[in-house]
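I opened a fresh page for this chain and wrote down what I wanted to look up before turning to the model. My list covered the cavity, the surface, the cysteines, the backbone and the charged pairs.

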Amino acid sequence: RFHHTSTLRLCSCSKTASDEKYQDPFQLGRKDLKNLYEDIKKELLVSTAELKEMCDYYFDGKGKAFRPMIVVLMARACNIHHNNSREVQASQRSVAIIAEMIHTASLVHDDVIDDANSRRGKMTVNQIWGERKAVLAGDFILSAASVALARIGNTTIISVLTQVIEDLVRGEFLQLGSKENENERFAHYLEKTFKKTASLIANSCKAVSILGCPDPKVHEIAYQYGKNVGIAFQLIDDVLDFTSCADRLGKPTAADLKLGLATGPVLFACRQFPEMNAMIMRRFSKPGDVERARKYVLQSDGVQQTTYLAQRYCHEATREISKLRPSPEREALIQLTEMVLMRDK
């Protein structure tokens, strides 16, 4: 696809003075993520068999653990930057576990709100156990994450990570509304994207940087890297909703349109096809709206423009993380920005 060719130049800065070799982020982060899902299940000490079954269904160990991996790589990069320590502290690893728990709880709740049938290539919790029990399972995972967070015993970290939960709720409310003014609409979309997706990555990165290094400049670097990667990740997700087949994606395509959502590709396409404005305002609710909107998007440069925007966010993430001292972890985080742009599911 077109965006594969123009991304490589973004990572040209990944060769450093110390000539760090190419690092596969997943290989590098694997050591610290060993037994991640077993440890999550230990946090979810459940009294009822059904609740345990629901939690085990989601924490099956088959996910890529994308967020925890960023968190442990950021932890090591910041530790090395501060005092050349290559070890991840127990409290930093706890942040990675908590991030995955908050993320999963938000998916369980999102699937209920969206009445989704499939997630990661299998049936959703709400489809199998029903909406009421799915909501309670999401609440339970969130409460267990809160207990684990309190156990870290650092009020600053508690404040940083509870901000994520607030942002998730505010982001969901933003998604339920829409703006009539075209310029406001894009700002609304980016704010929703930050709150629903990027805040978790940004604040988790910030939390491990606070635990590993006293320098506020480093905390800001970690936050900005997470924020920019998180927004880029969601922009590519919105592109894949138009360009990927359902089998690759693990969920139905054009799902966002069916939910009445105008994502980046739609908002860019609207500039070429103003007749989409009325469809956006009625949230693609008339018969044929979804098909017509999808056709307009694919005829426009909406997909391309959204991809370019994602590249700009990744470029900014690379610029931020490059301020840290060179390390294999820093290079892996740079490499990760390219992987975000290249992914096809």
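**Entry 1: the cavity lining**

I began with the lining of the largest cavity, to which H8 and helix H9 (182–212) each supply at least two residues. H9 gives the largest share of that lining, four residues. I noted here that I am working from a predicted model, and I kept that in mind for every entry below. In total, 16 residues line the largest cavity, and Gln175, Gly177, Ser178, His188 and Ala262 are the ones that lie nearest its centre. I put the space in the largest cavity down as about 190 Å³. When I asked how many cavities of 30 Å³ or more there are, the count came to one.

**Entry 2: a nonpolar patch on the surface**

I then looked at the surface and found a nonpolar patch of about 420 Å², made by Ile113, Val169, Phe173 and Leu176. Helix H8, which spans residues 155–176, contributes the largest share of this patch, with three residues. I looked up one of the patch residues, Leu176, in more detail: Leu176 lies in helix H8, and with a relative accessible area of 55% Leu176 is exposed.

**Entry 3: salt bridges involving H8**

I stayed with helix H8 for the charged side chains, and recorded that the count for the structure comes to 20 salt bridges. Side chains of opposite charge can pair when their charged atoms come close. In one such pair, the side chains of Arg170 and Glu166 meet at 2.7 Å, N to O. Arg170 and Glu166 are four residues apart in helix H8, so they are separated by about one helical turn. I noted both partners as partly exposed, Arg170 at 46% relative accessibility and Glu166 at 36%.

A second pair that I looked up is Glu172 with Lys196, whose closest N and O atoms are 3.1 Å apart in a salt bridge. This pair links distant parts of the chain, with Glu172 in helix H8 and Lys196 in helix H9, 24 residues apart. I asked whether Glu172 is buried or exposed, and found that at 9% relative accessibility Glu172 counts as buried. Lys196 is also buried, with a relative accessible area of 17%.

**Entry 4: salt bridges elsewhere**

Moving on to helix H16 (residues 302–321), I found Glu316 and Arg319 three residues apart, and therefore separated by about one helical turn. Their side chains meet in a salt bridge of 2.9 Å, N to O. Glu316 counts as partly exposed at 26% relative accessibility, and Arg319 is partly exposed as well, with a relative accessible area of 45%. I also wrote down a network of salt bridges that links Asp32, Arg76, Arg86 and Glu329.

**Entry 5: the cysteines**

How many disulfides does a search of the whole structure find? I noted zero disulfides, and went on to check the sulfur of Cys78. The closest cysteine sulfur to that of Cys78 belongs to Cys213 and is 6.5 Å away, which is too far for a bond, because a disulfide needs the two sulfur atoms within 2.5 Å. Cys78 counts as buried at 0% relative accessibility, and Cys314 is buried too, with a relative accessible area of 1%.

**Entry 6: positive phi angles**

I looked for residues other than glycine with a positive phi, and one of those I recorded is Asp115, where phi is near 55°. Asp115 sits in the loop between helix H5 (90–114) and strand S1 (118–119), and is partly exposed with a relative accessible area of 47%. Phe284, again not a glycine, also has a positive phi near 55°. Phe284 lies in the loop between helix H14 (276–281) and helix H15 (289–299), and counts as buried at 5% relative accessibility.

**Entry 7: a contact across the sequence**

My last look-up was Ala232, which is placed in helix H10 (residues 216–243) and is buried, with a relative accessible area of 0%. Ala232 and Thr306 are 74 residues apart in sequence, while their C-alpha atoms are 9.2 Å apart in space.

Key:
Residues are numbered from 1 along each chain as its sequence is written. This is a predicted model: local features need pLDDT of at least 70, side-chain atom pairs count only at pLDDT 80 or more; totals for chains, interfaces and linings use all residues. Side-chain values use heavy atoms; hydrogens and water are left out. Patches are made of residues with over 30% relative accessible area and no salt bridge: like charges are joined within 9 Å, nonpolar side chains (Val, Leu, Ile, Met, Phe, Trp, Tyr) within 5 Å. Accessible areas come from the Shrake-Rupley method with a 1.4 Å probe; for residues, only the protein chains shown count as cover. A salt bridge is a side-chain nitrogen of Lys or Arg within 4 Å of a carboxyl oxygen of Asp or Glu. Buried means under 20% relative accessible area, exposed over 50%, partly exposed in between (1.4 Å probe, protein chains only). On a 1 Å grid over the protein atoms alone, a cavity is a set of points where a 1.4 Å probe fits but cannot get out, and a pocket is an open set with protein on both sides within 12 Å along at least five of seven lines; lining residues have an atom within 4 Å of a point. Grid points are joined across faces, edges and corners, and a volume is the space filled by probe spheres set on the points.
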